[in-house]
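Me: I am new to this structure and would like a close look at a single part of it, the metal site. Please also place that part in its wider setting.

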Amino acid sequence: MSNYVIGIDLGGTNIKSAIFNMNFHIVHERSDPTGAANGPAHVLNRIQEIVQEMLLLEGIDQSSIKCMGMGIPGLLDPEEGLSIFSPNFPGWENIHVLNAMKEHFEFPVFIDNDVRVNMYGEWQFGAGMGYQNLVLITLGTGLGSGIVNDGKVIYGTTSSAGEIGHMNMFREGRPCRCGSSGCLGRYVSAVGMVRTFTEKLEQGRSSIITQWVGDDRTAITAQMISEAYDLEDALAVEVMRETGEILGFGLANVINLLNPEVVIVGGGMSAAGDRLLETVRDTVNKHALALSSSVCKIVQATLGRQAGMIGAAAYANNKMSV
Ligand SMILES: [Zn+2]
């Protein structure tokens, strides 16, 4: 009798892990440093140890685990269980994640892209519940998306559909790690917004934030820009508006292409909430096709830090029933 499902959200900073019961309530949850700099073998070994420790602490036998799902950043082949490339993880090229897990676990393991498992979480338990056409974007250090179209999750030929962070917004824009330039993610991620802010400081603009960080401009965060915005700091308001506008143009393209009922904004920077999203909605309303934008809501994600873990668990559980 299977009584539990495990969900793992592998992030650049932390491995978030949880055991869920079959109602998807958390039985045991923990977060551990990823240690990505130590290479893939170290990280995969850590995950394996974490799962063993959680099972031991709860007195749960492996035979009671129905399955385990893992959300992994970067490009991967979910069918093969292979991580092809992960930009923030040194050495993650053609790493066979499933084989590494099979050595230790008797239950089935499934992997998918981290943003896509986030989307599974919000679709099944969060802001996307009940929708058949939705797009989830995560605004963090980068920008990714997961897409449901007519009730079906879109993967594409190489499972790399939804990389809207690399949508070209400017012909001669900021260089991107993908090899191109002017990519949307270079402007609207947390890193991108901070860069816009520091560029303006370098041009001689002033902001209350310089009093907070002194000469160390590398200490500026997206969170600080939100705080300065609340204090009506002119530069913070301007940067938030510009960032919202670029994201709005990007989402207008997405909405014209996919005609979703809802765009869910998740990831760390979604904490900016309506400070950012009001401009996004205004821009979409002005520039997307009226028929498409009139039926599309743009909302914040609701599951927060749990979305990846619960989404990974739900994804694996769904795979068991197909
Ligand atoms: Zn790019």
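Reply: The metal site comes first, and the chain around it follows.

This is a predicted model, in which local features need pLDDT of at least 70 and side-chain atom pairs count only at pLDDT 80 or more, while totals for chains, interfaces and linings use all residues. Residues are numbered from 1 along each chain as its sequence is written, and side-chain values use heavy atoms, with hydrogens and water left out.

The zinc ion has as its protein donors H166 through ND1 and C176, C178 and C183 through SG, at 2.1 to 2.3 Å; donors here are N, O and S atoms within 2.8 Å of the metal (3.2 Å for Na, K and Ca), and since water is not among the atoms, sites may look incomplete. Read along the chain, the donors of the zinc ion follow the spacing H-x9-C-x1-C-x4-C. The arrangement is tetrahedral because the four donor atoms subtend angles of 103 to 121° around the zinc ion, where four donors count as tetrahedral if all angles lie between 85 and 135 degrees. For reference, the ideal angle at a metal with four tetrahedral donors is 109.5 degrees.

Two of these cysteines can be described by their accessibility, for which buried means under 20% relative accessible area, exposed over 50%, and partly exposed in between, with a 1.4 Å probe and protein chains only. C176 has a relative accessible area of 13% and is therefore buried, whereas C178, at 42%, counts as partly exposed.

As for the wider setting, the chain has 11 helices and 13 strands, which are DSSP runs numbered from the N terminus, helices being H or I of at least four residues and strands E of at least two. Its 322 residues would give a compact globule a radius of gyration near 20 Å, and the chain agrees, with 20 Å; this radius is taken over C-alpha atoms, and the globule rule is 2.2 Å times the number of residues to the power 0.38. Taken along the principal axes, the C-alpha atoms fill a box of roughly 60 × 50 × 35 Å. Buried residues make up 53% of the 322 residues in the chain. Among contacts between residues at least 6 apart in sequence, 62% join residues at least 24 apart, a contact meaning heavy atoms within 4.5 Å.

Terms used. Tetrahedral: all angles 85-135°; square planar, octahedral: opposite > 155°, others 65-115°.
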